[in-house]
Amino acid sequence: MDRLTENARLMIVSDLDHTMVDHHDPENLSLLRFNTLWEANYRSNSLLVFSTGRSPTLYKELRKEKPMLTPDITIMSVGTEITYGNSMEPDNGWVECLNQNWDRNIVLEETSKISELTLQSETEQRPHKVSFYVQKDKAEDITRSVSTCLKERGLDVKIIYSGGMDLDILPQGAGKGQALAYLHDKFKAEGKLPENTLVCGDSGNDADLFTIPDVHGVMVSNAQEELLQWYGIHAKNNPKIIHAKERCAAGIIEAIGHFNLGPSISPRDVTDLSDSKLETFDPAYEVVKFYLFYERWRLAEVENSELYLANLKAVCSKSGIFVHPSGIEKHLHECVDSLRTSYGDKKGLPFRVWVDQVLPVQVGSDSWLVKFKKWEQSGGERLCCLTTALLSSKDVTVADGLTWVHVHQTWFKEAGPGGDAQWLF
Ligand code: GLC
Ligand code: MG
């Protein structure tokens, strides 16, 4: 990853379904708590890696459904597809590794003879992954017989059972663990091995992640039977792996704290944000804190107090300008005034705000340009603006907080408004 010039402080490699994403929490609270922690404390010096069983098609669907951050690296199709950055540039070196000793036609031919195997949808059949559904009570026998007949045909494959229903057949050198080992080797060659790696999972295809040397691991509280069984046999005495008390993303936060990997209090869990004591100017934290306040203000989760607005004005430059995505310009002070009438306008409604890829760049001795995506979800509608904010530390103390000098927003092409949209900032 070229974004970091030094070793990442932390690399989180997390599964998505039932690990980062809790499908039993329609409010996505633990995911939003994780997001805020990551953007406030880790984004600029750490790496976020999603490692999912989903194909690119289903991964993109999940991103539209859930308030997920953008990862630095995306590993899809059970460790068989590695891509980098926002443009999801594929790693062709990895594809070549996987071509060794693999012939998916032979896999299809042999498995078609087994009636207990039901092929999954077309989107989930990938160049190095053939996937089926199998009943739980038949999984062990079927795995054994598939393995034997493919061996007889000269193929070395890995067969993984997950979630009590999914059976994946991959090249032996594939899987979530092997993909992570490949990334570690790459980073090592560049002299940029992350200081710590935390792997996070809940089901069978994640077991592989926990086999990589030197990583910390968390099985979230809601982990599946097959993963807990694997742990009982292979990793019980490994102090670097825990079974969290908390579900999904809350379990990941718990593990960051348990292993002392860095800050583990999400700003979402802090009621009085003005109280947090910073040691240095922190532009990313400033952005996270502002939008958290903005969400709470519109949900009426903070008091309707003039004091808050006065404090906001105090951190906005008098001549500061905000460029709305429609192109209309306003003074930052006018924007603060306009907040008065929107106090509590989303009270009791499914309204959420989150920021993604908050990346500050120091552009002068006392100024930072912070770029980020600002998302807002109101019921079923989701909007996003690419945002650039100029913050300054001129003539203020750390306790005062940075001054907002200029803010500019443009619609993110994937999530702009269909027609007229209400968008404050
Ligand atoms: C995801 C994939 C599926 C796979 C399963 C387990 O659900 O969509 O194809 O079998 O993960 O790895
Ligand atoms: Mg999962």
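**Exercise 1: Glu246**

Glu246 has a relative accessible area of 41%; classify Glu246 as buried, partly exposed or exposed, then find its place in the fold and its distance from Asp395.

*Solution.* Keep in mind throughout that we are working with a predicted model.
- Step 1: buried requires under 20% relative accessible area and exposed requires over 50%. With 41%, Glu246 is therefore partly exposed.
- Step 2: walk along the chain to the loop that runs between strand 12 (241-243) and helix 8 (248-258); this loop holds Glu246.
- Step 3: pick the C-alpha atoms of Glu246 and Asp395. They are separated by 44 Å, with the two positions 149 residues apart along the chain.

**Exercise 2: The magnesium site**

Work out which residues coordinate the magnesium ion (ligand 2), how its donors are spaced along the chain, and why the pair Asp17 and Asp202 ties together parts of the chain that are far apart in sequence.

*Solution.*
- Step 1: list the donors. Asp15 and Asp202 each coordinate through OD, while Asp17 uses its O atom, and the distances run from 2.1 to 2.3 Å.
- Step 2: write the spacing as a pattern, which gives D-x1-D-x184-D.
- Step 3: place the pair in the fold. Asp17 sits in the loop between strand 1 (10-14) and helix 1 (29-41), and Asp202 in the loop between strand 10 (196-201) and strand 11 (216-219); the pair therefore ties together parts 185 residues apart in sequence.
- Step 4: check the accessibility of this pair. Asp17 and Asp202 are both buried.

**Exercise 3: The shell of ligand 1**

Describe the surroundings of ligand 1 by naming the residues around it, sorting them by character, and picking out side chains that have a polar atom by an oxygen atom of the ligand.

*Solution.*
- Step 1: collect the shell. It consists of Gly53, Arg54, Leu58, Val78, Gln120, Glu124, Lys129, Ser131, Ser162, Asp166, Asp168 and Asn205.
- Step 2: sort the shell. Two of these residues are nonpolar, five are polar and five are charged.
- Step 3: look at the side-chain N and O atoms. For Gln120, a polar side-chain atom is 2.5 Å from an oxygen atom of ligand 1. Asp168 likewise places a side-chain N or O atom 2.5 Å from a ligand oxygen. For Asn205, the distance from a polar side-chain atom to an oxygen of ligand 1 is 2.7 Å.
- Step 4: compute how much of the ligand is covered. On its own, ligand 1 has 310 Å² of accessible area, and the protein covers 86% of that.

**Exercise 4: Two annotated domains**

Take the two domain spans that UniProt lists, residues 9-260 and residues 283-412, and give the helix and strand content of each.

*Solution.*
- Step 1: start with residues 9-260, which the unreviewed UniProt entry annotates as "domain: Sucrose phosphatase-like". This span is 35% helix and 20% strand, with 12 Å between its end C-alpha atoms.
- Step 2: move on to residues 283-412, listed in the unreviewed UniProt entry as "domain: Sucrose-phosphatase C-terminal". Here the content is 25% helix and 45% strand, and the end C-alpha atoms lie 22 Å apart.

**Exercise 5: Positive phi**

Which sign does phi have in Met88 and in Asn101, and where in the fold do Met88 and Asn101 lie?

*Solution.*
- Step 1: recall the background. Most residues other than glycine have a negative phi.
- Step 2: read the angles. Phi of Met88 is near 50°, which is positive, and Asn101 also has a positive phi, of about 60°.
- Step 3: locate the residues. Met88 belongs to the loop between strand 4 (81-84) and strand 5 (89-90), and Asn101 to the loop between helix 3 (92-98) and helix 4 (104-111).
- Step 4: add accessibility. Met88, at 21%, is partly exposed; Asn101, at 46%, is partly exposed too.

**Exercise 6: Buried or exposed?**

Classify Gln409, Ala399 and Leu228 by relative accessibility, and place each of them in the fold.

*Solution.*
- Step 1: Gln409 is in strand 18. Its relative accessible area is 1%, so Gln409 is buried.
- Step 2: Ala399 lies in the loop between strand 17 (381-392) and strand 18 (403-411). Its 76% relative accessibility makes Ala399 exposed. From its C-alpha atom to that of Pro325 is 31 Å.
- Step 3: Leu228 is part of helix 7 (residues 225-234). A value of 28% puts Leu228 among the partly exposed residues. The C-alpha atoms of Leu228 and Asp206 are 11 Å apart, with 22 residues separating them along the chain.

Technical notes: Residues are numbered from 1 along each chain as its sequence is written. Chains are lettered from A and ligands numbered from 1 in the order in which they are written. This is a predicted model: local features need pLDDT of at least 70, side-chain atom pairs count only at pLDDT 80 or more; totals for chains, interfaces and linings use all residues. Side-chain values use heavy atoms; hydrogens and water are left out. A residue is near a molecule or strand if one of its heavy atoms lies within 4 Å of it. A polar contact is a pair of N or O atoms within 3.5 Å; within protein, one must be able to donate a hydrogen and the other to accept it, and residues adjacent in sequence count only if both atoms are side-chain atoms. Accessible areas come from the Shrake-Rupley method with a 1.4 Å probe; for residues, only the protein chains shown count as cover. Ala, Val, Leu, Ile, Met, Phe, Trp, Tyr, Cys and Pro count as nonpolar, Asp, Glu, Lys and Arg as charged, and the others, Gly among them, as polar. Donors are N, O and S atoms within 2.8 Å of the metal (3.2 Å for Na, K and Ca); water is not among the atoms, so sites may look incomplete. Helices (H or I, at least four residues) and strands (E, at least two) are DSSP runs, numbered from the N terminus. Buried means under 20% relative accessible area, exposed over 50%, partly exposed in between (1.4 Å probe, protein chains only). UniProt positions are given in the numbering used here, feature names are shortened, and annotations may be inferred rather than shown by experiment.
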